[in-house]
Amino acid sequence: MTMGEQSGPPESLRLLDAAFDAGVNFFDSAEMYPVPQRAETHGRSEELVGRWLRARRVPRDSVVLATKVAGPSGQMTWIRGGPVALDSRNITEAIDTSLRRLGVDYIDLYQIHWPDRYVPMFGETDYDPSRQYASIPMEEQLEALGKGVEAGKIRYIGLSNETPYGLMKFLQLSSDFQLRSKILTVQNSYNLLCRNFDAGLAECCHHERISLLAYSPMAMGILSGKYHSSEDSGPLDARMNLFKGRYSEGESRYNLQNPKLELAVKEYRRIGVKYGISPSILAVAFVLRHPLVGSAVCGATKLCQLEEVLQATGVHLCQEILAEINYVHARYPNPCP
């Protein structure tokens, strides 16, 4: 989601090459990427993935391509006027546009980026009934997605930034459209600073055989320790500094001034030092060891960051490490919900 903004075309293509050469085969994008979102860069991330596929001549069946349709916003007027809603027209147009940008005949996993209804998101935790608005029925959304499946444009369906209610309601209604076997994943934030998934969604996913695509496994880089390792606020080219004041969704969730966040990060870093594991590797390895995680969706802007992510796939966290992690979590639970 940084490719096309924080990472330019040359760097992005090198990162995709390195990931693919290392065995990574799942690539996730979205029509609104890169972030921070703006009209001038809208769609560049998908375009760069498509450019890489063509330049590298990647066999289509060797990669799993995922992307997302933007939910109602009203702020991104350059995406179908807002977008205003997740109605049939918006979903159909979004699928076709993503296919063109990616330069492919089909998308393996097509996800609803966030719900077309009020839900607490991006740092919010408490549900406020008064904020609900007239939303597009899930039936209409499923019908549009089903038409995409029937046309061969998308193969499977995923949800994102969803709640237990939303997931279960989509699954219940999907049977009416013969789509139950097509809904495979939910992509929500999951990391050492945000373990809300375990409180409700985990049980739903377990019994319904839905995999978690854990985004932000390093909490937007915060768990690397780079923002709290010295008296300054970290590297100038780090995302939270580079786009300060321009990325409200990130800043509302990852508040660097939150003292509990800083204390938690320092405690997790201490655990890493004790066991000879870098903070970044510890963070990603923690996510990967979860039995319901299908993949950790990592965003790297530098090759050295990608290398640490790849190293994490070979790290096993023993029970002693997990016990210390859980102790810190009990003291500072979910400072970045």
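Visitor: What makes two strands a pair here?
Guide: Two strands pair if DSSP finds at least two bridges between them. Strands are DSSP runs of E, at least two residues long, and helices are runs of H or I, at least four; both are numbered from the N terminus. This is a predicted model, so local features need pLDDT of at least 70 and side-chain atom pairs count only at pLDDT 80 or more, while totals for chains, interfaces and linings use all residues. Residues are numbered from 1 along each chain as its sequence is written, and side-chain values use heavy atoms, with hydrogens and water left out.

Visitor: How do you know that strand 6 pairs with strand 7?
Guide: Four bridges join strand 6 (residues 211–215) to strand 7. The definition asks for at least two. The two strands run parallel. One bridge partner in strand 7 is V297, which matches Y215.

Visitor: Why is the sheet called open, and which strands stand at the edges?
Guide: Seven strands form the open sheet, in the order 1-2-3-4-5-6-7, with parallel pairing. Strand 1 (26–28) and strand 7 (293–297) each have a single partner strand, so one side of each is left without a neighbour in the sheet. Neighbouring strands are turned by 25° against each other on average, direction ignored. Axes are lines fitted to C-alpha atoms, for helices over the stretch in contact, and angles run from 0 to 180 degrees between N-to-C directions.

Visitor: Which strands does helix 3 lie across?
Guide: Helix 3 (residues 88–102) lies across strand 2 (64–69), strand 3 (107–112) and strand 4 (154–160). Contact means heavy atoms within 4.5 Å. Helix 3 runs at about 135° to strand 3.

Visitor: How do you know that the span of helix 12 agrees with expectation?
Guide: The expected span is 1.5 Å times one less than the number of residues. For the 13 residues of helix 12 (residues 319–331), that should be 18 Å. The end C-alpha atoms are 18 Å apart, which agrees.

Visitor: What makes a residue of helix 12 buried or exposed?
Guide: Buried means under 20% relative accessible area, exposed over 50%, and partly exposed in between (1.4 Å probe, protein chains only). I321, L322, E324, I325, V328 and H329 are buried. Seen down the axis of helix 12, they fall within an arc of 160°, so they line one face. The arc is that of the directions from the helix axis to the C-beta atoms. On the other side, Q319, Y327 and A330 are exposed. The buried residues pack against helix 9 (259–275) and helix 10 (279–288).

Visitor: Why is the pair R38 and E5 called a salt bridge?
Guide: The term needs a side-chain nitrogen of Lys or Arg within 4 Å of a carboxyl oxygen of Asp or Glu. The closest N and O atoms of R38 and E5 are 2.8 Å apart, so the pair qualifies. R38 sits in the loop between strand 1 and helix 2 (44–56), and E5 in the segment before helix 1 (9–21), 33 residues apart. At 30% relative accessibility, R38 counts as partly exposed.

Visitor: What makes E262 and K266 a salt bridge within helix 9?
Guide: Their closest N and O atoms are 3.1 Å apart. Being four residues apart in helix 9, E262 and K266 are separated by about one helical turn. E262, at 28%, is partly exposed, and K266, at 41%, is partly exposed.

Visitor: How many salt bridges are there in the whole structure?
Guide: A search finds 17. E267, R270, K274 and E324 are linked in a network of salt bridges.
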